[in-house]
2 protein chains.
Amino acid sequence: MSGDHGLRVNLPASLHALRTNTSLRLHLVGDSQAIQAEIGTGLPQRASIVHAPGILAMDASPTGVLRNTDQSSLRAALELLATGDVGGMISAGNTGALMALSRQRLSMIAGFRRPAFCSALPLPSGHSYLLDLGANVDCSPEQLHEFASMGSALAKALHGIHRPRIALLSNGREMAKGNSQIQRARDLLEGDESLEFVGFIEGDELLRHRAEVIVCDGMLGNVALKSMEGTAHALGDLLKASFQATPWRRFLSMLSRGALQEVLRGMDPGRHNGAFLLGVQGVVVKSHGAAREQGFTAAVQQAARCVENSMVALMTQRLDSKQ
Amino acid sequence: MSGDHGLRVNLPASLHALRTNTSLRLHLVGDSQAIQAEIGTGLPQRASIVHAPGILAMDASPTGVLRNTDQSSLRAALELLATGDVGGMISAGNTGALMALSRQRLSMIAGFRRPAFCSALPLPSGHSYLLDLGANVDCSPEQLHEFASMGSALAKALHGIHRPRIALLSNGREMAKGNSQIQRARDLLEGDESLEFVGFIEGDELLRHRAEVIVCDGMLGNVALKSMEGTAHALGDLLKASFQATPWRRFLSMLSRGALQEVLRGMDPGRHNGAFLLGVQGVVVKSHGAAREQGFTAAVQQAARCVENSMVALMTQRLDSKQ
């Protein structure tokens, strides 16, 4: 129901994901009248509506949300996940509320204390996961260590990587770099033989696949990811403007349509939409509030892939086998 | 003498800046034999060599540097600045050493306690300065407040902006966002009537000119700026690869040369090279270690512009008039 565009984008995006994955079943959680009106007559196969008339405001405070017992679509969707009726849930709504309610309604995977938001970076090939992206803005070194374990378990579970490389995001590669929090986290990671710690990496190495898992506190990760998104957006605008500047260039842009669209697609953060809330018992995917149809579809597909790959069970097993 | 490419890049870049600015005088500080050999016969007009045979290692520790009394080119250049023989200095060397030696050799502008690295963001129009970029990786809220004053004084001095807008970099615009350090800095900035504080901005707004001065701790600023650089680099590669993928596209890339070069220039972080060390009595510009000729030239030109505009005197005056 939520996000910047609400049902108008989220619903067709979800139904698109449903059509492209014949093993997917969708529970559309929200105001049933509004959903039915948007769909028109009938319901697609493998889709059902779960009535939950309330919508949480985007600026609702996380603590207020916990006291609120209204039938918000967010709470209802998490309830389905908590009871095992669904394997994963997707939300484009209030991130703080999603985090707070997930912690209230879902158990943590044994071995983890606090969940973290984690996203795949848009690499041309290979996989790099960045966490935390904002679930924890004041982090202890011990939390950064825990994020490394979570990310490592995720990369093992989703991609079968034996020993995922772990790096700490810092302001330089040299040992003397980092602030006091990052330096103490480095000591913890160096002392943990179950993890393949490869040292510090800098912001300009995030897209170079130097590690499968890149760890930082939620403030740093949030700003790094959004800085990348903002740059991609600005450069996409520059590319479009440059090829529209003169009649001759507009003609060239028509001829170069294939190449230009390829580049603009590569620059579109919406294509890589969908952050996992890692550490909880269940697949929870947060879609960017501003995501449009393609982006929200990607978030639903991402959640489906994690459920199909038994991500949570594998994360639990991998941790057990480590201990 | 230093940086990834040393004299081979820094010297021709400096001489290029000298040719383009007829009021500039250059002191080339380093090993005189090596410099003379690189130049060939004679010395260009308005250039002189200051012999300083030592070079600081890129990984020399800042504290070791302070004990070291060798004639490093960095120390000798800062000495020229401290005695007033030059108005500004440029280095591509060890950032920590530059920071430590600057603090040892140069006085602070009255009203400031610790210097910060500050860089202009690559906007299509207007000016936004981001600080700190790594001089202070563990910051108190009071330091963030001080960075805001420094940046405000800089924007007033360089661009004559009456009340530069100040924003705090955070993980969201809403009041409840930020970590404890950022939230306390917000309280300080809201209470300072001499500053035009406009609230939080997010990483994806850095290039949107929502403020003339964007304040954060050195870890956040370093990672944000480098994340932007890395993204621009990756997208530049994508653009080049896409227009080389087939013979037809290679043909189109020849026809579209003007537009493509315009975009690639816009994506090149080297063009915006040169961070100020703000707060010290003198113009100190740090060039990116990896900067090539165009980038190092930009850093020299940036330093020259600040000296010509009496940046330090104006920053001092503006502070006086504020009090």
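**Salt bridges and the interface of chains A and B**

Across the interface of chain A and chain B, 14 residue pairs are in polar contact, both residues at pLDDT 80 or more. The model is a predicted one. On the side of chain A that touches chain B, the elements giving two or more residues are α7 (180-190), α8 (218-242), α9 (247-255) and α10 (257-267) of chain A. The largest share comes from α8(A), with 17 residues. By residue class, this side of chain A divides into 23 nonpolar, 15 polar and 7 charged.

The contact draws on 45 residues from chain A and 45 residues from chain B. About 4,000 Å² is buried between the two chains, and carbon and sulfur atoms give 67% of that area. Three residues, A:Asn171, A:Met219 and A:Lys226, supply 13% of the area that chain A buries against chain B, more than any other three residues.

Salt bridges also cross the interface of chain A and chain B, and 4 are found there. One pairs B:Glu202 with A:Lys226, at 2.3 Å from N to O.

Over all chains, the count of salt bridges is 18. Within chain A, the side chains of A:Glu79 and A:Arg105 meet at 2.8 Å, N to O. A:Glu79 lies in helix α4 (residues 73-82) and A:Arg105 in helix α5 (residues 95-105), so this salt bridge ties together parts that are 26 residues apart in sequence. Both ends are partly exposed: A:Glu79 has a relative accessible area of 29%, and A:Arg105 has 31%.

A further salt bridge joins A:Glu146 to A:Arg113, with the closest N and O atoms 2.8 Å apart. This pair links distant parts of the chain, 33 residues apart: A:Glu146 sits in helix α6 (residues 141-159), and A:Arg113 in the loop between α5 and β4 (116-120). A:Glu146 is buried at 9% relative accessibility, whereas A:Arg113 is exposed at 55%.

In chain B, B:Arg173 forms a salt bridge with B:Glu205, the closest N and O atoms lying 2.5 Å apart. Here loop meets loop. B:Arg173 lies between β6 (165-169) and α7 (180-190), and B:Glu205 between β7 (196-201) and β8 (213-215), so the salt bridge ties together parts that are 32 residues apart in sequence. B:Arg173 is partly exposed, with a relative accessible area of 46%. B:Glu205 is buried, at 4% relative accessibility. In chain A, a network of salt bridges links A:Arg173, A:Glu205 and A:Arg210.

Key
Residues numbered from 1 in each chain as written. Chains lettered and ligands numbered in written order. Predicted model: local features only at pLDDT ≥ 70, side-chain atom pairs only at ≥ 80, totals over all residues. Heavy atoms only, no water. Helix = DSSP H or I, 4+ residues; strand = E, 2+ residues; numbered from the N terminus. Buried < 20%, exposed > 50% of the residue type's maximum accessible area, 1.4 Å probe, protein only. Contact = heavy atoms within 4.5 Å. Buried area = accessible area lost by both parts, 1.4 Å probe. Polar contact = N/O pair within 3.5 Å; in protein donor to acceptor, adjacent residues only side chain to side chain. Nonpolar A, V, L, I, M, F, W, Y, C, P; charged D, E, K, R; others polar.
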